[in-house]
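Reader: I'm new to this one and would like to know what stands behind the words people use for it. Could you show it to me first?

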Amino acid sequence: MIPRHLVLSIAVMLAVALGMSFYLWQMRGRARSSDSSAANAQPVAAPVSGPSEQVTLYVAYDDAGVLRPKTVRIPLPAGRQERASELLHALLNLYLDNVSPHPLPAGSEIRDVYLVGPGLAVVDLNAAFADGHRSGVLVEELTIVSLAQTLSANIPGITQMRILVDGKSRDTLAGHADLSSTYDVASLGQLVSQLQ
């Protein structure tokens with residue numbers, strides 16, 4: 001016959017093992033729910049109020065090395081600065097799509113667009129946009145020209161554009177395109193016509 005204290009010890013160990021299994025199962029469920037909530041913690045943009053308007057986005061095509069105009073309808077607010085921001089967000093959404101002709105890294109964001117003085121647009125990108133951007137002269141130039149042409153085609157009076165990263169000046173986008181200077185939109189327009 002099995003001694004009573006051995007049976008009791010086995011029963012206690014079995015109860016502890018079942019309790020630990022249940023506890024680990026509960027903790028795993030909590031970890032999964034916190035991971036999914038952390039993944040969804042990115043800020044959600046407020047819906048744009050305003051009538052839908054037809055606008056022209058200048059979309060970069062890396063394979064052909066060209067910019068092509070694309071007409072889309074998007075809701076636009078009344079203010080110039082807000083309109084500029086929405087235009088670039090629409091362009092960025094095209095680039096973040098899975099089948100983009102000019103893919104940008106996940107997490108890329110246009111933080112804000114500032115219209116300064118009579119004709120200067122300052123575009124503030126986030127670090128993920130610049131740090132994860134593919135390196136190469138043509139790819140980087142296509143990004144800059146695409147932003148500038150989209151703004152100037154839809155917001156009258158923009159003659160210059162400057163790019164910041166997280167609100168600060170930066171030497172290059174991804175090693176080639178100079179971000180330390182202000183771009184002349186007319187010169188970029190000549191580049192677009194050459195690329196087409």
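Author: What follows is a short chat about the terms and how they apply here.

Author: First, some ground rules: this is a predicted model, local features need pLDDT of at least 70, side-chain atom pairs count only at pLDDT 80 or more, and totals for chains, interfaces and linings use all residues. Residues are numbered from 1 along each chain as its sequence is written, and side-chain values use heavy atoms, with hydrogens and water left out.

Reader: What makes something a helix or a strand in this protein?

Author: Both are DSSP runs numbered from the N terminus: H or I over at least four residues for a helix, E over at least two for a strand. The protein has five helices and six strands, in the order α-β-β-α-β-β-α-α-β-β-α from the N terminus.

Reader: Why is strand 5 called mostly covered?

Author: Buried means under 20% relative accessible area, exposed over 50%, and partly exposed in between, using a 1.4 Å probe and protein chains only. In strand 5 (residues 160-165), five of the six residues are buried, so the label fits. For the protein, buried residues make up 35% of its 196 residues.

Reader: How do you know that strand 5 pairs with strands 4 and 6?

Author: Two strands pair if DSSP finds at least two bridges between them. Strand 4 (residues 120-125) and strand 5 have six bridges, in the parallel sense, so they pair; Leu 125 has Val 165 as its bridge partner. Strand 5 and strand 6 (residues 183-184) run antiparallel with two bridges, so they pair too. There, Gln 160 is partnered by Asp 184.

Reader: What makes a set of residues a nonpolar core?

Author: Its members are buried Ala, Val, Leu, Ile, Met, Phe, Trp, Tyr and Cys residues joined through side-chain atoms within 4.5 Å. The largest such core here has 40 residues, and Leu 151 is one of those with the most contacts inside it. Helix 2 (residues 80-96) gives the most to this core, seven residues.

Reader: Which residues does Leu 151 touch?

Author: A contact means heavy atoms within 4.5 Å. Leaving aside residues up to four places away in sequence, Leu 151 touches Ala 84, Leu 88, Ala 121, Val 123, Ile 158 and Met 161.

Reader: What share of contacts links residues 24 or more positions apart?

Author: Among contacts in the protein with a separation of 6 or more, that share is 60%.
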